[in-house]
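Load the model in your viewer and keep the selection panel open. The tour goes strand by strand, then moves to the open and enclosed spaces.

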Amino acid sequence: MPAPERIPSRGLTEAGLRTLLAEGELTVLGQVRGASNAVLYCTISHEGEERTCVYKPVAGEQPLWDFPDGTLARREVAAYEISEATGWGLVPPTVLREGPYGEGMCQLWIEAEAGDGDAEGPPQLLALVEDEEPGEGWKAVGFAEVGEGRTALLVHADDPRLRRLAVLDAVINNGDRKGGHLLPAPGGRLYGIDHGVTFNADDKLRTLLWGWAGEPLTPEAAEVLDRLSAAIEPGAELATRLGELITAAELDALRGRVDGLRASGRHPQPSGDWPPIPWPPV
């Protein structure tokens, strides 16, 4: 399946969107509630162009026991850099910049399409079903308690866009791929957001996209990983940029994950050393 068209930019290229995010004037409109860190909904304007965006100031990050303080914004930018290097465009344009509350990450706001799988909306990506096995077009994640002693099978769509995202998550060691972090957008695009807990040097992969665990990678994914391996070699331009966003040990671990996927030729399986499913799952 070819990659869908890029973000509808209304006259702006990807580079133009990054410039807008990096140099535009941020105006805070409100706060996105329910997030563990400060997430501010803003407009950003520059040279006659205006968009909406998310601004996450470093000052609003909550300390975590397994990540250095004040590093989550940089990890979000690093995830975007890797997404762009794959050519899949799975993460909205994201930059690191100064804002009203200090340095933070600024990311283009994606208005997710609503729908329930009918002709008027995007296809359903996640579901709980009463069956013991997933139906056609679905992949099993595992059984979940749904109350009153009942369980249901959690499944996700056997969708090539999700499969690409599963590979990206394995590469960046995403510790929090929840259902609410999947944004179907106009034009058939799918975006993943909230990549603050990524790139840890230890195995932290925690995701709802385990349906392909142990299965062979697609030829497309294998080719992407070959290119990515070359792009993050020491001294390469991408590796230099990443070195400003994550630690040297984390960059070495990134190289190890990419080479490990290339060597195995398969989607990873849960390690058993870390809870494989995020909580809450959405």
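Select isoleucine 44 and arginine 51: the two stand opposite each other, the arginine being in strand S3. Strands here are DSSP runs of E with at least two residues, helices are runs of H or I with at least four, and both are numbered from the N terminus. The model is predicted, so local features need pLDDT of at least 70 and side-chain atom pairs pLDDT 80 or more, while totals for chains, interfaces and linings use all residues. Residue numbers start from 1 along each chain as its sequence is written, and side-chain values use heavy atoms, without hydrogens or water.

Widen the selection to S2 and S3 (residues 49-57). They pair antiparallel over seven bridges; pairing requires at least two DSSP bridges between two strands. Two residues separate them in a hairpin. Click glutamate 47 in that turn: its phi is positive, about 50°.

Now add S1 (residues 25-31). It runs antiparallel to S2 (residues 40-46), joined by six bridges. Isoleucine 44 appears again, as the S2 bridge partner of leucine 26.

Next, the sheet S6-S8-S7. It is open, has three strands in that order, and pairs antiparallel. S6 (126-129) and S7 (138-147) are the edge strands, each pairing on one side only. Neighbouring strands are turned by 30° against each other on average, direction ignored; axes are lines fitted to C-alpha atoms (for helices, over the stretch in contact), and angles run from 0 to 180 degrees between N-to-C directions. Zoom in on S6 and S8 (residues 150-157): four bridges join them. Leucine 126 stands opposite histidine 156 in S8.

Select Ser36, Lys56, Asp176, His181 and Asp194. Of the 41 residues lining the largest pocket, these lie nearest its centre. A pocket is an open set of points on a 1 Å grid over the protein atoms alone, with protein on both sides within 12 Å along at least five of seven lines; a cavity is a set where a 1.4 Å probe fits but cannot get out; lining residues have an atom within 4 Å of a point. The pocket holds about 960 Å³, a volume being the space filled by probe spheres set on points joined across faces, edges and corners. S3, helix H2 (72-86) and S5 (102-108) each supply at least two lining residues.

Last stop: the largest cavity, about 80 Å³. Select its lining, including Trp210, Trp212, Asp169 and His267. The whole structure has two cavities of 30 Å³ or more.
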